[in-house]
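Thanks for asking me to look this one over. Here are my notes, point by point, to read with the structure open.

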Amino acid sequence: CGGGVWAPTGPLFVPGTAGTGDDFELVIPTGNGALDLSAGLYAHTLMRVRGPGLSFDPGCDAALCAGFDVRAPSEACLSSCEDLFVPRLLPGAPPLGAPGCDGLSFFECYAALDWDLGADSPVRIELAGGPAVLVLPAKDGAVYLLDADHMGTLYDRHEVITPCGAGGARCDANWAGSMVTRPVVTTDADGAPLAIVATFMPGERWDAGLVGLRVVTAGATPRLERAWEEPAFGTPEAATAFRRHPGGLALVTIDGVVHALVVEQGVRDVEPGHLHVVRACDGDLRARAHRGRVPRLRGGQLR
C-alpha cells in the first residue's frame with residue numbers, strides 16, 4: 001500500500017549535472033496508497049531518484065518529521081524534504097471545497113474521492129536569474145509550483161478549475177479529478193515561461209479546457225499567474241467543452257509561430273472528438289476540426 005505509479009505520461013527524466021556525481025534524475029509521481037514517512041511509504045508524492053542506480057532517500061529532517069501525522073503532516077516536515085514533494089494547501093488557505101470532503105483533511109479528501117497525485121507528471125522550467133522549478137498538475141484541480149532542487153519548497157498552488165459537482169451540479173465521475181496530463185512549456189508574447197495544461201470536467205456547469213499559466217517571479221518567490229484559457233472560462237463554450245479526458249498536449253511550430261495541439265475527446269456514437277489548434281503565446285484558437293471517421297493511410301498520405 002505504498003503508492004501506485006501509473007501516470008500515463010511517465011516520470012520526468014533530468015540529465016545529470018557535471019560535478020554532482022549524478023548520471024541522471026528521475027522524478028516519479030506516485031498515486032494512491034499510504035503516505036507515512038516514518039514507515040517509508042510515499043503515496044501521493046513526487047520522488048526524486050538519483051542515478052546511477054535507483055536508490056531513494058527523501059532527504060527530510062528527521063527531527064521535524066518525528067511523529068509523522070498521516071492525516072495532516074506538518075508544513076515544517078514537508079518543506080524540509082530535498083528529494084520528496086508532498087502536495088498540500090498553502091498556509092492559511094481554506095480546505096478543499098470538493099463535494100464529499102466536508103470536515104476531511106487534505107489527504108482524507110484524496111482518499112474519499114480516489115484522487116491520486118500520480119495521475120499527472122511534472123515539467124521542469126529553468127527561470128532566468130532564478131531557481132529551476134517544477135510545474136505539476138493534480139487531480140485536485142490545482143497546479144503546483146515547487147523548487148526543482150529542494151522539492152519540499154512549495155512556491156505556489158494555483159487552482160485552475162472548480163471541483164466537479166460543486167454548487168450541486170451533476171458530476172458523473174468525481175474520482176476522475178480534472179487533470180491527467182503533463183504540461184507543455186513555451187513562452188508568452190513577452191518571453192516569460194508559460195506552462196499549458198489540459199483540464200476536463202466530468203460533469204455539468206463548470207468550465208474546462210486549455211489553461212496557460214505564466215511563471216513569474218514576485219520578489220524572490222516564483223508564482224503562477226493565469227495567462228489565458230481556451231475556451232475562455234465564463235463562456236457557454238467552456239461550460240460544455242472538455243467533458244472527458246483530453247489527449248496529450250503537443251507543441252507544433254506553424255509559419256514560425258508555436259501552437260499547442262490537443263484532442264478533445266468526443267462521446268462514442270454521439271459526437272466526434274475535436275482537434276484544437278491554439279496559438280500558444282496568447283491562447284487564440286486558430287483551428288478546431290473533427291473527423292467523423294478514422295483517418296486512413298491512402299497512397300502514403302494521411303487523409
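1. A word on terms before the cysteines: a disulfide here is a pair of cysteine sulfur atoms within 2.5 Å. By that rule the count comes to four disulfides. Please keep in mind that this is a predicted model. Counting the bonded cysteines along the chain, the disulfides follow the pattern 1-4, 2-3, 5-6, 7-8.

2. Let me begin with C60 and C81, which form a disulfide with their sulfur atoms 2.0 Å apart. The link of C60 and C81 is right-handed, with 110° about the S-S bond. What does the pair tie together? C60 sits in the loop between β5 and α1, and C81 in the loop between α1 and β6, so the disulfide joins parts that are 21 residues apart in sequence. As for burial, C60 is partly exposed because its relative accessible area is 21%, and the cut-off for buried is under 20%. C81, with a relative accessible area of 0%, is buried.

3. C65 and C77 also form a disulfide, and their sulfur atoms are 2.0 Å apart. The torsion about the S-S bond of C65 and C77 is about 100°, so this disulfide is right-handed. The pair links distant parts of the chain, 12 residues apart: C65 belongs to the loop between β5 and α1, while C77 is in helix α1. Both C65 and C77 are buried.

4. Please look next at C164 and C171, a disulfide whose sulfur atoms are 2.1 Å apart. With 120° about the S-S bond, the link of C164 and C171 is right-handed. Are these two cysteines buried or partly exposed? C164 counts as buried because its relative accessibility is 13%, whereas C171 is partly exposed, at a relative accessible area of 27%. Further along, C281 is partly exposed, with a relative accessible area of 26%.

5. Now to the nonpolar interior. Which residues touch the most other members of the largest nonpolar core? Of its 36 residues, they are L37, F85, Y110, L134 and Y144. At least two residues of this core come from each of β1 (12-15), β5 (46-51), α1 (75-79), β6 (84-85), α2 (106-112), β8 (132-137) and β9 (142-147). The largest share, four residues, is supplied by α2.

6. L134 deserves a closer look on your screen. Leaving aside its neighbours within four places in sequence, L134 is in contact with L12, V27, L46, V123, R124, Y144, L145, L146, A148 and M151. There is also a second, separate core of 33 residues, which includes L145, A195, A260 and V262.

7. Finally, the sheet. In general, the strands of a sheet pair through backbone hydrogen bonds, either parallel or antiparallel. Here an open sheet of four strands runs in the order β11-β12-β13-β14, with antiparallel pairing. Which strands lie at the edges? They are β11 (184-187) and β14 (221-230), each of which pairs on one side only. From one strand to the next, the twist averages 30°.

8. Within this sheet, β13 (residues 210-218) pairs with β14 in the antiparallel sense over nine bridges. To find the register by eye, you could start from R214, whose bridge partner in β14 is E225.

How values were computed:
Residues numbered from 1 in each chain as written. Predicted model: local features only at pLDDT ≥ 70, side-chain atom pairs only at ≥ 80, totals over all residues. Heavy atoms only, no water. Pairing = 2+ DSSP bridges. Axes fitted to C-alpha atoms, helices over the stretch in contact; angles between N-to-C directions. Core = buried A, V, L, I, M, F, W, Y, C linked by side-chain atoms within 4.5 Å. Buried < 20%, exposed > 50% of the residue type's maximum accessible area, 1.4 Å probe, protein only. Contact = heavy atoms within 4.5 Å.
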